[in-house]
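Dear colleague,

I am handing over the structure below, together with an account of what was found in it. Please look through the sequence and the model before reading on.

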Amino acid sequence: MAHDQTVGSLAQVGFCSSQQQQQQQVISGGYDKVAHIWKVTTTTTTGATKSMTLEGHTDVICCVAASEIGDFVVTGSWDNEARVWDPSSGRCSAVLKGHTG
């Protein structure tokens, strides 16, 4: 299932080598408090398939980012937390608490 509310943020996950240019990953964060990692292909008519759901925030995810090589992604939320995720397992490896603005 895709997001059931507004998508607020998108980011590319890592960069593809020349041998993998036909498939890339994108992370989306939404008002439904979850982030999804999508495998985006340019060779099919469907375009994208969801590969993982990242759950743990208790409010809107307002921003997402990924490291340059795609070994971690970060989500920021109106719950005053940022979370660091492993995109290969979907596991949250750190919760950064204490944001007040």
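To begin with a single pair of residues, Ala65 stands opposite Val74 in β6, and in the same way Val64 stands opposite Thr75 of that strand. Please keep in mind throughout that this is a predicted model. The two pairs belong to the place where β5 and β6 run antiparallel and are joined by five bridges. In the hairpin that these strands make, six residues lie between β5 and β6, and Gly70 takes a positive phi near 80° there.

The overall plan can be put briefly, since the protein has eight strands and zero helices, which gives the pattern β-β-β-β-β-β-β-β when it is read along the sequence. Of its 101 residues, 35% count as buried, and the accessible surface comes to about 6000 Å², with 50% of that belonging to carbon and sulfur atoms. Among the contacts with a separation of 6 or more, 32% are between residues that lie 24 or more positions apart.

The hairpin is part of an open sheet, in which four strands follow the order β5-β6-β7-β8 with antiparallel pairing. Strands β5 and β8 (92-96) stand at the edges of this sheet and each has a single partner strand, so one side of each is left without a neighbour in the sheet. On average, and with direction ignored, neighbouring strands here are turned by 20° against each other. As a general reminder, strands of a sheet pair through backbone hydrogen bonds, in either a parallel or an antiparallel way.

Turning to the interior, the largest nonpolar core has eleven residues, namely Ala11, Val13, Ile27, Ala35, Ile37, Met52, Leu54, Ile61, Val64, Val73 and Trp85. The elements that give two or more residues to this core are β1 (7-13), β3 (34-41), β4 (48-55) and β5 (61-66). Val64 therefore appears both in the core and in the pairing with β6 described above. Ala11 offers a view of the surroundings of one core residue, for once its neighbours within four places in sequence are left aside, it is in contact with Gln25, Val26, Ile27, Val64 and Ala65.Ser77 deserves a separate paragraph. This residue lies in strand β6 (residues 73-77), and because its relative accessibility is 9%, under the 20% cut-off, it counts as buried. The side chain of Ser77 reaches the backbone oxygen of Val60 at 2.8 Å. Apart from its neighbours within four places in sequence, Ser77 is in contact with His57, Asp59, Val60, Ile61 and Cys62.

Two loop residues also call for a careful look at the backbone. Most residues other than glycine have a negative phi. Lys33, however, has a positive phi near 75°, and its place is in the loop between β2 (23-30) and β3. With a relative accessible area of 37%, Lys33 is partly exposed. Asn80 likewise has a positive value, its phi being near 70°, and is found in the loop between β6 and β7 (82-85). At 35% relative accessibility, Asn80 counts as partly exposed.

With kind regards

Terms used: Residues are numbered from 1 along each chain as its sequence is written. Side-chain values use heavy atoms; hydrogens and water are left out. A nonpolar core is a set of buried Ala, Val, Leu, Ile, Met, Phe, Trp, Tyr and Cys residues joined through side-chain atoms within 4.5 Å. Buried means under 20% relative accessible area, exposed over 50%, partly exposed in between (1.4 Å probe, protein chains only). Contact means heavy atoms within 4.5 Å. Accessible areas come from the Shrake-Rupley method with a 1.4 Å probe; for residues, only the protein chains shown count as cover. A polar contact is a pair of N or O atoms within 3.5 Å; within protein, one must be able to donate a hydrogen and the other to accept it, and residues adjacent in sequence count only if both atoms are side-chain atoms. Two strands pair if DSSP finds at least two bridges between them. Axes are lines fitted to C-alpha atoms, for helices over the stretch in contact, and angles run from 0 to 180 degrees between N-to-C directions.
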